[in-house]
Each structure stands twice: as structure tokens, then as C-alpha cells.
Amino acid sequence: MNPIPPFVSFDLEPAIAERLASTWTFSQASYPEEGVYFLQEAYLRQMIELTGLRAPAQKPFLACAAQIRQDDALSRLAWHCHWLLDVAPSEFRQVSVPWSIEPDGCRFFPAFIALARYPFIHAFYQERAIPLNILQESMTVVDVWTQDYYDHTGQWGCFREWIRMPMVPNLFRLGRLEFEFGSFTVPFRVYRHRETGQTAVMAAEGLSLQAAGFFCQPDESQVVMTTFEESAQQVTGYAATPTGRLSLQKTTLSLEEWELACKPGDAAIHVHIPALAPLDHDRCQEAIQKARRFFRRYFPAFDFKAFLCTSWLLDPSLDCVLPAGANILRFQSLFQLFPCVNGNDRQTRERVFGDPALPLDQVPQRTSLQRNTKKAILEGHRFRGSGGVIL
Ligand SMILES: CC(C)(COP(=O)(O)OP(=O)(O)OC[C@H]1O[C@@H](n2cnc3c(N)ncnc32)[C@H](O)[C@@H]1OP(=O)(O)O)[C@@H](O)C(=O)NCCC(=O)NCCS
């Protein structure tokens, strides 16, 4: 047993080292001297196959594991993180594992910790008779974020906490989209027309709207403060328009015609869009239908009321920089759109230009979206991350 945590030599931030050190002796009691199973080459080759890790990343992935295997302190740290996440009694699991660490330059370190959970998740799928191809498809998230790491650094690595989500599991990839257990976290109530099935989205009270019907950013002037009134017969408030803004005029819905279908706090499926092939409309629609069936069949106790997505891709003003018929606009048409409180252009810049902080004279100009987005920002246009709901 190694009683001394070797964190100092890994150049970890003091706060992270302190957090990890507090439970070190407990994890080291079960450290497998004969070798850590999830760092072995055979195990990792299986992970390469399951995640579909792209060819150029495979060698660095395996080399990184070899480096950890050969270093007792690194192996113990890997075991410690795995132990905290997957083995420790719940009192110790409060100690969160830092996801952005790259001890000794091991850029796949967090990926190995996430993938250590494979035996658990495999058993979980089998117990519930969930087809294993869904696990495999969901695990491709590791490949997606490995590519993202490369795009940003020119090196192969993978550190996003996101990659652990399918292993918990709280995220499933079903065709083109990913779906996460969640709740309706936005300040809106969603109504369904009892006959037509049409959706109406009403804002909560006390939110500041600017002149175009978006929520005010700090430097924008408020023209309306939302209100919401409810009686036994009707509700009156500020409703989302078909184009994803909020109407500046109040709307009244008769509760004889409309029923409340989803409110803040209700169970909802969060929709995510992995950076993969083009966002084909039919494949997205299929994915939503598949998700409806999937959650009802395998997680019947999860009584979800809606699909919820918040993203730069749902910004209704993208229509000024995309051609009619663009995949992104067709994707928006799957949802009833609404503005997001604090919806700003950070994610738009991050996803379109690769880095939200890049000055406009340095942003890439390869695609029409990059060129049009730069031009629109220079002309004073504001992009705003937005939301969408599907009942
Ligand atoms: C979602 C995604 C696949 C959509 O791409 P798509 O299907 O090509 O979208 P469209 O057909 O609407 O694209 C129209 C134009 O915008 C460009 N474009 C689309 N997304 C782009 C992006 N993220 N960066 C730069 N240009 C982009 C396309 O290349 C095309 O331009 P072109 O005709 O000059 O080639 C793509 O944006 C992507 O991979 N994003 C990363 C994942 C993401 O943003 N997830 C959401 C996180 S909340």
C-alpha cells in the first residue's frame, strides 16, 4: 500500500490535490497490485472497438495507457479516481473527481476513468434487456469528444465529463441525437390544445423582455415585464410566437380548450446534438420517435412530459445567416421555440468559430455560416442561444 498521495509531482491544482488526498488511503487499500483492469491493453482495444475511436487517435490512446501502467503513482491515481466514482461508499462519492486533469501529460486519463465503468454498464443493459447496440452507439461520444479535443489543441486526448454520461447511464444516443434524463428547467408552462394537439408556451412572471421579444441581456432596455395569471377557467400571460420570440401582447388561453402539459420541475428528456454528420431532418425526427418508445419501454417509471433542448442551433435568428432549407433551420421546425433567459452568442461563437473568444478578424471563414455569422455580428446582430420543446 502506498500511503503517500503522489499528487505534488503531477502538478495538480492545490485545491484538486487536497480534495483527492482526503480519501487516498481508503482507495489504496483495494489497489490491485497485479494491475488495474481498465488500463490493460486488451481491455482498451475492446473500448476502441466499442467507441469507434478513430484510427489516428488509437495509437496515442494506447500509448497513454501504457505510460500510466508503467508508473505506479499514475496507476494508483487512476484507481483512486475510479474508486471514488464507482466503488466507494456513497459518503466518499461526494468528493467530485476533477475531469480536466491530465497528470503528467496523460491526455486520455479522464477517458480511461470513464471507460472503467464498462463492466457495470454492460451488466445494467443486460439486466434491463436493453439492446447492446444502443450502448455501443452511445459510447461513440468518446470518439466525438476526442475529435473535438484534437480540433482545439492539435493533439489527441479526451477529458470531457460528458463522456461518462452513457456509462452511468444518464445519456443514450438513439440514431442522430442524444437523450438525457432531465427535468423541465426553463421558466415556461407548456399547454396542449385538447383537440388539435397544438403547443402553446407561456412565460413565468417577472422576466424582462426587450423590444424584439427576447429576454433582456444586461445592456438591453426592458419594454415588458412578464406576468402570468391563472384562474380555474383560463391563463393569461406572454406566449412564445411561432418564430421563437415572446409576443409583447398578452395572450389568454381558455382551459376548456387547452390543458397544462408540462411545467417547471416535470420530468423531461433533454435533447443533445452530437457533432457528427449533417443534421438530417428525417434522421432527427426518427431519433425523437425512437426516444419516445425507448424511454417508455426501458424506463417506464420516468414519466417524462416533454423533450427539451437548449442550444445555439435553436436560435430563431439563424435564419438571417442560413439558406432556407438548411438542416439547422429544419431541425428548429421540430420544436416550438422560445427564448432563453441569459441566451447569448457564446455558444454560437464556440460552435461556429471553434473558440468563443476569437477576435472577429481571426475567425475561420470556410463555411457560409462562418462568413455570414461574422458579417452579421459586425453589422450589430446578436445571436442568442434559445430553447425548444416537443410534447
Ligand atoms: C449540427 C451540425 C451537424 C449542423 O451541420 P449541417 O447539417 O451541415 O447544417 P446546415 O445544413 O444547416 O449548414 C448550412 C451551412 O452552415 C455550415 N455549418 C453548419 N454547422 C456549422 C458549424 N458548427 N460550424 C461552421 N459551419 C457550420 C455548413 O457547412 C453549411 O455551410 P456551407 O454550405 O458553406 O458548407 C453542425 O453544426 C455541428 O456538427 N455542430 C456541432 C455540434 C453542436 O453544435 N451541437 C449542439 C450543442 S448544444
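Let me begin with the second largest pocket, which holds about 190 Å³ of space, and let me say at once that the model in front of us is a predicted one. Thirteen residues, written as 13 in my notes, line this second largest pocket, and the closest to its centre are Q198, T199, A200, A240 and Q336. If we ask which elements give two or more residues to that lining, they are β4, covering 199–203, and β9, covering 251–254, and of these β4 gives the most, with 3 residues. By class, the lining of the second largest pocket is made up of 7 nonpolar and 6 polar residues, with no charged residues.

Now to the largest pocket, whose volume is about 1,500 Å³. This pocket is lined by 45 residues, and those that lie nearest its centre are I273, P274, A275, W312 and R351. Several elements each supply at least two residues of the lining, among them the helices α10 (141–153), α12 (327–332), α13 (346–353) and α14 (368–378), together with the strands β2 (177–183), β11 (267–272) and β12 (306–311). The largest share, 7 residues, comes from α10. When the lining of the largest pocket is divided by class, we find 23 nonpolar, 12 polar and 10 charged residues.

Where does the largest pocket lie with respect to domain 1 and domain 3? Both domain 1 (7–168) and domain 3 (265–390) give residues to its lining, and therefore the largest pocket lies between them. For orientation, the domain assignment of the protein chain also gives a domain 2, which spans 202–261, and the C-alpha centres of domain 1 and domain 2 lie 45 Å apart.

Let me turn to the ligand, which has 21 residues around it, with I273, L279, W312, T367 and S368 coming nearest. I273 and W312 have come up before, since both are also listed among the residues that lie nearest the centre of the largest pocket. As for polar contacts, a polar side-chain atom of N327 lies 2.9 Å from an oxygen atom of the ligand, while in the case of I328 a backbone N or O atom lies 2.9 Å from an oxygen atom of the ligand. T367 takes part through its side chain, where an N or O atom is 2.8 Å from a nitrogen atom of the ligand. On its own the ligand has 890 Å² of accessible area, and the protein covers 75% of that area.

I would like to finish with two details of the backbone. Most residues other than glycine have a negative phi, and most peptide bonds are trans. Against that background, V168 and P169 are joined by a cis peptide bond, with omega at about 0°, and P169 is found in the loop between α10 and β1, the latter running over 171–174. The second detail concerns A129, a residue other than glycine whose phi is positive, near 55°, and whose place is in the loop between α8 (118–128) and α9 (132–139).

How values were computed
Residues are numbered from 1 along each chain as its sequence is written. This is a predicted model: local features need pLDDT of at least 70, side-chain atom pairs count only at pLDDT 80 or more; totals for chains, interfaces and linings use all residues. Side-chain values use heavy atoms; hydrogens and water are left out. On a 1 Å grid over the protein atoms alone, a cavity is a set of points where a 1.4 Å probe fits but cannot get out, and a pocket is an open set with protein on both sides within 12 Å along at least five of seven lines; lining residues have an atom within 4 Å of a point. Grid points are joined across faces, edges and corners, and a volume is the space filled by probe spheres set on the points. Helices (H or I, at least four residues) and strands (E, at least two) are DSSP runs, numbered from the N terminus. Ala, Val, Leu, Ile, Met, Phe, Trp, Tyr, Cys and Pro count as nonpolar, Asp, Glu, Lys and Arg as charged, and the others, Gly among them, as polar. Domain bounds come from an automatic or database domain assignment. A residue is near a molecule or strand if one of its heavy atoms lies within 4 Å of it. A polar contact is a pair of N or O atoms within 3.5 Å; within protein, one must be able to donate a hydrogen and the other to accept it, and residues adjacent in sequence count only if both atoms are side-chain atoms. Accessible areas come from the Shrake-Rupley method with a 1.4 Å probe; for residues, only the protein chains shown count as cover.
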